[in-house]
Amino acid sequence: LGLHRHSGRYGVRAYEPGAERAWIHAGGGWVEMQAEGEGLFRWQDTEAPPMPYRLRITRGEHTWERHDAYAFPPALDDDELYLFNEGRLLQAYRTLGSHPDERLGVNGYRFACWAPNAERVSVVGDFNAWDGRVHPMCVRGSSGVWELFIPDVPEGALYKYEIRHRGDGRILLKSDPYAQAYERRPGTASRTRPRSGYPWGDQAWMQGRAAFDWLHAPISIYEVHLGSWRRHPDGRFYSYGEATAALVPYVRDMGYTHIELLPLTEHPLDESWGYQSTGFFAATSRYGSADELRALIDACHQAGIGVILDWVPGHFPSDAWALAHFDGTALYEHEDPRLGLHQDWGTHIFNYARREVAGFLLASAHYWLDQFHVDGLRVDAVASMLYLDYSRKPGEWLPNKHGGRENLDAVEFLRSLNTMVHGGCPGAVTLAEESTAWPGVS
């Protein structure tokens, strides 16, 4: 698809399922393309069309014009892809996922998805009738990352990835692991993220935090689940904005130094309180927008209150539209249930040995610290991460290479997390929910 040159001639192929006729704007006017099959059209000439060229499509009584997504070459940086595969791209949320972009003067969104065992990955959404034939992506070498820039996609558009498994041809429909916005439950689609330009007003707090002596200062933490702290008389949740107006003065008047927010990463089930996350880079839409959450944290800081966020890198739910068997294989989790399945919770355990998976979680931590100015991460269920035999009977777990029960890959991940937080986010802390007195966890 797109523009190609062969034997001194330029050619454009375009695919529009169900279309009857197609034209390309070239040579100063509209030129009809030759039909090569159902929905497939070709144009050839000795001169290239003006870039970025436009297409005109007719289906029945309807005619519309669009830019061709395949007129824009891939643009992901090779060094970023290398660091991603090494698990060292700490701002992977700027590379993977959906991002507003402008190419050749045309606005749209760049999509990037890691699915190394896929035969095909397509972007599907409300802008292409959820048809996986319209926008197949381009795989970037051996990185396993698929990329496509789609022009004219609006902000807030719903989308998913349609993935065809290389081995057996199964078709999977998945939300974006790196999405920074989702539709409100019970819907599960990702949203193209808006261009955020939130005007932070907490500069004095952030500068002072770097010099704050956390280990020797008195701290009093008020733990809050936004969905149940207060509700409207009709049962509706408080929005981020409404919680800001009520919560910040209450906590300040009560003399607390910090608020600990139960997980606000996107999650499908209210009853989980956020501890079964499916969107590790997205503020849950049930309370409002990401910028409204930023405003809540900003207001806390301006009132002299720190914000700690519960964060859950220990497991993820088995919903078929989310991370589980993402490209048809155990990509984020372990294939062997003795390593990859939490028997108590029916959830999957992250495969910390896979560098892209550890990097996914490190990037999530970096995202909340950098993009939302949170002052600390309270890491949930650390004991379940540290021990291979956690809540398992003999014969139900696999020992490490030394024959022990310690999860060495999880230990290395936590070490990397602490190194990143304390090295790159001055004054921020990590806090472990850990009940076995393992030394030096946080």
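User: Which residues are buried in H9?
Analyst: In H9, the buried residues (under 20% relative accessible area, 1.4 Å probe, protein chains only) are Ala-410, Val-411, Phe-413, Leu-414, Leu-417, Asn-418, Met-420 and Val-421. This is a predicted model, in which local features need pLDDT of at least 70 and side-chain atom pairs count only at pLDDT 80 or more, while totals for chains, interfaces and linings use all residues. Residues are numbered from 1 along each chain as its sequence is written, and side-chain values use heavy atoms, with hydrogens and water left out.

User: What covers the buried residues of H9?
Analyst: The cover includes strands E21 (306–311), E24 (376–379) and E25 (429–432), together with H7 and helix H8 (382–386); helices (H or I, at least four residues) and strands (E, at least two) are DSSP runs, numbered from the N terminus.

User: OK, the core now: which residues touch the most other members of the largest one?
Analyst: Those are Tyr-161, Leu-226, Tyr-332 and Phe-350, out of 98 residues in the largest nonpolar core, meaning a set of buried Ala, Val, Leu, Ile, Met, Phe, Trp, Tyr and Cys residues joined through side-chain atoms within 4.5 Å. Helix H7 (residues 355–371) gives the most to this core, with 10 residues.

User: And what does Tyr-332 touch?
Analyst: Leaving out residues up to four places away in sequence, Tyr-332 touches (heavy atoms within 4.5 Å) residues including Trp-114, Pro-177, Phe-316, Phe-350 and Phe-360.

User: Switching to Thr-244: buried or exposed?
Analyst: Thr-244, which lies in helix H4 (residues 240–254), is buried, because its relative accessible area is 17%.

How values were computed. Buried means under 20% relative accessible area, exposed over 50%, partly exposed in between (1.4 Å probe, protein chains only).
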